[in-house]
Structure formats: C-alpha cells, structure tokens
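Biologist: Could you take one part of this model, the surroundings of the ligand, and go through it closely with me? After that, tell me what else turns up around it.

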Amino acid sequence: MTKTLEVVGTQDQLPDSTSVVIIGGGIVGVTAALALAERNIPVVLVEKGQIGCEQSSRNLGWIRKTSRHLHDVPLAVAADKLWAEMPDRIGRDVGYKQAGIMFLSKTDAQISMQEDWLKSVESLSLDSRMLNAQEVDNLAPGGEGDWLGGLYTPSDGYAEPSIAAPAIAKAAVEKGTVIIQNCALRTLTKTDGKISGVVTEKGEIRCNQVLLAGGAWSRRFLGNLGVSLPTLPLICSVLRTKPMDGPTNIAVGGPDFSFRKHKDGGFIITQRGKLDAPLVLDHLLIGYRYLEQLRTQYSFLQVKIGSPFFKDLGLSRKWGPKGPSPFEKVRVNDPAPNEYLNQQALNNLSNAWPAFKNAEIEESWAGLIDVTPDSNPVIDKIKSIPGLTVATAFSGHGFGTGPAAGQLAADLISNVEPIIDPSPYRFDRL
Ligand SMILES: Cc1cc2nc3c(=O)[nH]c(=O)nc-3n(C[C@H](O)[C@H](O)[C@H](O)COP(=O)(O)OP(=O)(O)OC[C@H]3O[C@@H](n4cnc5c(N)ncnc54)[C@H](O)[C@@H]3O)c2cc1C
C-alpha cells in the first residue's frame, strides 16, 4: 500500500456492549461511524488491519459524477457536498479539490459513448459538457495526443485517499466512536433470530445492529452466514511520481492511462485500459452472471490463473465463532502491483504529454476491487438477518461516493429520512 497512509490511534480494550458495530475501517465504515456518532449513537468500529489499509487508501482519489450510471449519480451529487463540507465538519484536511475531471476521446465511437452518457443524465442538470480538441488543449496544454475531444465536468474532483479515511476516523473517535484495529470480526451472534452481538478475535461485544462495510471481504463474511452477495475481484495497479511539473490540475482519463495531481506535487497514474482479473473459485460459482458486463465493459481484462487461485482456495468459506476466520489470516490484502501495466500507462501518458517523459517513480501499489454484476454497490438491510445492514461492493468507484454511502447506511440504521433514495442499492436486485 502507499507509504503515505496516516496512522490512527487504536483502543485495545473491547467494550462489553454498544448500539452499532461497524465491520471495516474503509471510507464507508468511517463515514458511517462519524454520522452515527454525531447522532449520539454509540458505535464500535472493528478493523482487521489498519484504518484505510485496503481499497480506501489504494485508490486514485477521483470524486466523479462523470460516466456514472444514471441511478448512481444522486449519491455522487450528495457526496460532493459532503466532501466540500468535510474539512469544517471534522477540523482536518482530506485533500479535497474540486479541480474537475476530463475523459478524452480519440475515436468517433468514444465520442458518441460520451455523448450518449451526457444525454442519459440530461434531466439531472449536471455541469458536464463535451469538449473539442482545442478546448482539451487549452485545459491541459503541451499535449501531442491527437484527441478528437472529450467529456468534462468542472465540479468533479479528487481527495487524498492516504489521509481521508484516517482523518474522518480520528474525528469519529473525538465524537465518541471506539475504534479497534488489528481485530478481525469473525461472525454474529443472534438471540430469537435477531442480532444480539458479534464475536471478534479479541472477544465479544453485545449490540443489536451491525453494519458490514467490509469491502472485498463482504462476500465471504456473508457467505458464512448463508447469504450470497455476488462480487468478483479485480486488481488495479497504480504508481505515484516524485514532485514534477505537469500539464494540469484537472484529473484526466485517456483510453489507456489516467493521471491526477497528488498533494505532494507528484502525479497518481494508472493504466485505464487494462485491469488484472485473478481467477478464483468464485469465477466458477458466479462468473456466468458477469457475461453481459464482460461483453460491454470489461473486454480489456487480463485473466490470470496462478497463486491467487490457490491462496483463495486455502481460505475457509465456513468457520465458527472460535475461528480462526479468513480475516485474521489475511490482515491486509496487499496484491503485488503489475509493474508492466504501470510502465505501459506511463509510456502511453508520456506519448500524450511529453512532460511525463522525465517522471520519476516514487512508489507503486495495487488494490483489489469488489465488483457486482451491475457494477453498483449494495446499501441495504438484510431481511433474513434482522439488525444487519450492508454498505459494500462499490465496484471500483466507491471512494468518491464514500461519505454519502456511509451516511446513507447510518440513515438506514438510525431510521431517519435517507440522504437520497436508497432503492438503486437494494440487495434483492442482485
Ligand atoms: C487501485 C484502485 C483505484 C480506485 N480508484 C477509485 C477512484 O479514483 N475513485 C473512486 O471513487 N473509487 C476508486 N476505487 C474504489 C474505491 O477505493 C472503493 O470503492 C472504496 O474505497 C471502498 O471502500 P470500502 O470502505 O467499501 O472498502 P475498503 O476500503 O476495502 O474497506 C473495507 C475494510 O474492511 C476491513 N474488513 C473486512 N472484513 C473484516 C472483518 N471481518 N473484520 C474486520 N475488518 C474487516 C478490511 O480490512 C478493509 O480495511 C479504486 C480502487 C482501487 C483498488
């Protein structure tokens, strides 16, 4: 993971009881904790590794409405407001900048896909608009990319993943949340069919509500309880350059690279056109549900069979409260970055903007993404387990919407008017 991830202080002593236990200290878990704590609801957040150690510190930091599915845009609009208010709300910087996001097009087919998206969100009055080649050049000068144009949303932006979840977690603690790190939550306990507590590797906590915000682990956690959440893993590799002069502060996505300015003055770069798909048993079990997505969205996957298959096979799918559970066996999921893809991304970007020819790489990492068959998350109560709410499976785009997703989960738990209509995120649609 990135070496710049901020560390949050932890408590070792488990409280005997609380109202809500949150599983997972990613962006979704910590923002839900903050929202609940602000409502004076007692919360304990349990994280098997370190706050932000998996997807929420490894992502690119993009906060975008652009190119989202129509039904997912209201969550992104709600999140924009929460990101903008966050520094005042928590008294800390999260690196939020409304610097804009621009996706570039080289072919007529790419332009017409962007125009189709723009048409699909017409009713939402976003500030997104098409750009011609000259406008692309004005916004990001010095390029040699032969772009036909692009799609630009000035009100999009980014925050810094290495500081955001930790900063929000620290504020949640100040408002009363108890955070226990290096503590895997194994399973739930029930009384009369309803949740009455949780079992962690450090002991039990009594509670009547649990929020599962376990990222890529949620499928396994729920599977052990007899609930099938369909998600498959993808691995995305990222590099960060040393501080350098670049063409723009706007986050830019080309067909085979993306870049955005990092707070330390370097750039965060990835290969947009390719992702690794490590083959695991779940591909055989639920892979057929992704055929349409494979045809339309993920034709660029690099399918790999190798050690991830056997590592995954070695992790239990059924375990009891005495454990050990898979969550304490893999404290932090830390896949190796694909340096070949990273180098390709940097080469493609250098061809488009020669300023990147002198880029020096400071560090690289990878992260494992949890993707559903329709690429949208689940934020819902699980009817078969009264007391359990889930906010998970963000399918590679949940950092930007994280604060609104966490707040929506908190709204469902505390039975208040939800921040947006939760129906697109129902569990039973899957
Ligand atoms: C390389 C990469 C680039 C991305 N780029 C973007 C982007 O630019 N914009 C965007 O919006 N999104 C992006 N994403 C996706 C985004 O990072 C995720 O959607 C988001 O961070 C998900 O947050 P989360 O809280 O659900 O999961 P996570 O951050 O993964 O947090 C889940 C936590 O739960 C813990 N946990 C799980 N099970 C247990 C258990 N049983 N007991 C205790 N703890 C447990 C895990 O250790 C983990 O820390 C990217 C992802 C990657 C990997």
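Modeller: Let's begin with glycine 400: one of its backbone N or O atoms sits 2.8 Å from a ligand oxygen, a polar contact in the sense of two N or O atoms within 3.5 Å, where pairs within protein also need a hydrogen donor and an acceptor, and sequence neighbours count only through side-chain atoms on both sides. Keep in mind that this is a predicted model, where local features need pLDDT of at least 70 and side-chain atom pairs pLDDT 80 or more, while totals for chains, interfaces and linings take in all residues. Numbering runs from 1 along each chain as its sequence is written, and side-chain values use heavy atoms, with hydrogens and water left out.

Serine 56 reaches in with its side chain: an N or O atom there is 2.5 Å from an oxygen of the ligand. Glutamine 55 takes part through its backbone, with a polar atom 3.2 Å from a ligand oxygen. The ligand has 1000 Å² of accessible area on its own, and the protein covers 98% of it (Shrake-Rupley, 1.4 Å probe; for residues, only the protein chains shown count as cover).

What makes up the shell? It holds 36 residues, with Glu47, Ser56, Trp62, Gly398 and Gly400 the closest; a residue is in if one of its heavy atoms lies within 4 Å. By class the shell splits into 18 nonpolar, 14 polar and 4 charged (nonpolar is Ala, Val, Leu, Ile, Met, Phe, Trp, Tyr, Cys and Pro; charged is Asp, Glu, Lys and Arg; the others, including Gly, are polar). At least two shell residues come from each of α1 (27-38), α2 (55-58), β13 (232-241), β19 (361-371) and α13 (398-414). Helices here are DSSP runs of H or I with at least four residues, strands are E runs of at least two, and both are numbered from the N terminus.

Now for the empty spaces in the protein. On a 1 Å grid over the protein atoms alone, a cavity is where a 1.4 Å probe fits but can't get out, a pocket is an open set with protein on both sides within 12 Å along at least five of seven lines, and lining residues have an atom within 4 Å of a point. Points join across faces, edges and corners, and volume is the space filled by probe spheres on them.

The second largest pocket has about 930 Å³. Its lining counts 38 residues, with Val280, Pro308, Asp312, Asn333 and Leu368 nearest the centre. Two or more lining residues come from each of α7 (218-224), β13, β17 (275-278), α10 (307-313) and β19. So β13 and β19, which help build the ligand shell, turn up in this pocket's lining as well. The lining has 19 nonpolar, 9 polar and 10 charged residues.

There are also 2 cavities of 30 Å³ or more. The largest holds about 40 Å³, and its lining includes Ser57, Asn59, Arg260, His262 and Trp365; by class that lining is 3 nonpolar, 6 polar and 2 charged. The second largest cavity, about 30 Å³, is walled by Glu54, Gln55, Arg58, Ala216, Asn333 and Leu368, evenly 2 nonpolar, 2 polar and 2 charged. Gln55 is thus a name you've met at the ligand, and here it lines this cavity.
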